[in-house]
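Ready for a few short exercises at the screen? Open the structure, try each task yourself, and then compare your reasoning with the worked solution.

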Amino acid sequence: MKFKKLEFTNAAGQKLSARLDLPSDDKPSAYALFAHCFTCSKNIKAISHISRALTRNGIAVMRFDFTGLGESEGDFADTNFTSNVGDLVVAAEFMAINHAAPKILIGQSLGGAAVLQAAAKIPSAAAVITVAAPADPGHVTRALGDTKDIIERRGEANVNLAGRTFKIKKQFLDDLESVPMQQTIRNLNRALLIFHSPADGVVGIENAAKIFQIARHPKSFISLDTADHLLMNPKDSQYVGALIAVWAMKYIEKENLR
């Protein structure tokens, strides 16, 4: 898989680290923009496997680290769901200027909720794909446990998430509560593909059911059977990537005919 290391500037003037994965012939049939999960980075293995499957099918993929994560500048404590959505919009604008506007938006876990929210501000997007996404971004507060109450009382707290410590401020919680997710999903006006596993112990399968119920057609759902939340088994993430490539091209080709 060919790739290029990239860098673009967010709305606050901070440099965000990105990677563009390309088909072997350097002639993409379409470009996709990928949003990683909460407190993750662009380099987690599931995203790499999905990107590899997409590039094999001629689709270029740009993935980047949200502000304050991975190799990107900024303080994670000052970010929130709205700033993540803003990073996605800026990333799409960067792609449009320097390569090609993204026709496909993909998001894993909270990144899935973010691409649903960002789609309205990315006019080039014809297809949106969520992988293990919550129906409401506020779902992420469950990972905070009892620390949520401390954040509410003190205004901030250090939280241990998957072995790493992050400072989370009350503004992060307040921002989650302000997101009109049901309205966003109902008015998506893009083809939607939902991946979710019935065995997901982090974001339950009922979230996929809610997203599917609220969304308008065209919409599709694919069960990932025994897959875990982050698709740690390469076979699961490769399967997701291969299916996205086949499914998305139908809507991209339809868009190209207009």
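**Exercise 1. The enclosed space**

Find how many cavities of 30 Å³ or more there are, and say what lines the largest cavity.

Solution. Keep in mind that this is a predicted model.
- Step 1: the count of cavities of 30 Å³ or more comes to one.
- Step 2: the volume of the largest cavity is about 90 Å³. Its lining is made up of 15 residues, and those closest to the centre are F38, T39, F66, N84 and L110.
- Step 3: sort the lining by character, and you get eight nonpolar residues, seven polar ones and no charged ones.
- Step 4: look at which element contributes most to this lining; that is α3, with three residues.

**Exercise 2. The open space**

Give the volume of the largest pocket, and name the residues closest to its centre.

Solution.
- Step 1: the largest pocket holds about 520 Å³ of space.
- Step 2: there are 22 lining residues, of which F38, T39, C40, H229 and L230 come closest to the centre.
- Step 3: by character, the pocket lining splits into 15 nonpolar, four polar and three charged residues.
- Step 4: put the two spaces side by side. F38 and T39 are among the residues closest to the centre of the largest pocket, and F38 and T39 also appear among those closest to the centre of the largest cavity.

**Exercise 3. A sulfur link**

Which cysteines does a disulfide join, and are they buried or exposed?

Solution.
- Step 1: recall that a disulfide is a covalent bond between the sulfur atoms of two cysteines.
- Step 2: a pair counts when the sulfur atoms lie within 2.5 Å. C37 and C40 are joined, with an S to S distance of 1.9 Å, and the total comes to one disulfide.
- Step 3: check the handedness. The angle about the S-S bond is -90°, and the link of C37 and C40 is left-handed.
- Step 4: C37 and C40 are both buried. C40 is also one of the residues closest to the centre of the largest pocket.

**Exercise 4. The length and cover of a helix**

Compare the span of helix α2 with the span expected from its residues, then find what covers its buried residues.

Solution.
- Step 1: helix α2 covers residues 81–98, which is 18 residues; at 1.5 Å a residue they should span 26 Å.
- Step 2: the C-alpha atoms at the ends of α2 are 26 Å apart, so the two values agree.
- Step 3: list the buried residues of α2: F81, N84, V85, D87, L88, V89, V90, A91, A92, F94 and M95. N84 is also among the residues closest to the centre of the largest cavity.
- Step 4: the cover over these buried residues includes strands β1 (2–9), β2 (15–22), β3 (30–35) and β4 (59–64), together with helices α3 (110–118) and α5 (170–177).

**Exercise 5. Unusual backbone in the loops**

Where are N189, D225 and P218 placed?

Solution.
- Step 1: N189 is in the loop between α6 (181–186) and β9 (191–196). Its phi is positive, about 60°, although N189 is not a glycine. With a relative accessible area of 70%, N189 is exposed.
- Step 2: D225 sits in the loop between β10 and α8 (234–256). D225 is not a glycine either, yet its phi is positive at about 50°. Exposed means over 50% relative accessible area, so D225, at 53%, counts as exposed.
- Step 3: P218 lies in the loop between α7 (206–214) and β10 (219–223). The peptide bond from H217 to P218 is cis, with omega near 5°.

**Exercise 6. Three residues and their partners**

Are S17, I214 and I252 buried or exposed?

Solution.
- Step 1: the cut-off for buried is under 20% relative accessible area.
- Step 2: S17, in strand β2, has 11% relative accessibility and so counts as buried. Leaving out residues up to four places away in sequence, S17 touches L6, K42, R63, F64, D65, E71 and S72.
- Step 3: I214, in helix α7, is buried at 13%. With the sequence neighbours up to four places away set aside, I214 touches Q182, I185 and R186.
- Step 4: I252, in helix α8, is buried at 0%. Beyond its neighbours within four places in sequence, I252 is in contact with A30, K103 and I104.

Definitions and conventions: Residues are numbered from 1 along each chain as its sequence is written. This is a predicted model: local features need pLDDT of at least 70, side-chain atom pairs count only at pLDDT 80 or more; totals for chains, interfaces and linings use all residues. Side-chain values use heavy atoms; hydrogens and water are left out. On a 1 Å grid over the protein atoms alone, a cavity is a set of points where a 1.4 Å probe fits but cannot get out, and a pocket is an open set with protein on both sides within 12 Å along at least five of seven lines; lining residues have an atom within 4 Å of a point. Grid points are joined across faces, edges and corners, and a volume is the space filled by probe spheres set on the points. Ala, Val, Leu, Ile, Met, Phe, Trp, Tyr, Cys and Pro count as nonpolar, Asp, Glu, Lys and Arg as charged, and the others, Gly among them, as polar. Buried means under 20% relative accessible area, exposed over 50%, partly exposed in between (1.4 Å probe, protein chains only). Helices (H or I, at least four residues) and strands (E, at least two) are DSSP runs, numbered from the N terminus. The expected span of a helix is 1.5 Å times one less than its number of residues. Contact means heavy atoms within 4.5 Å.
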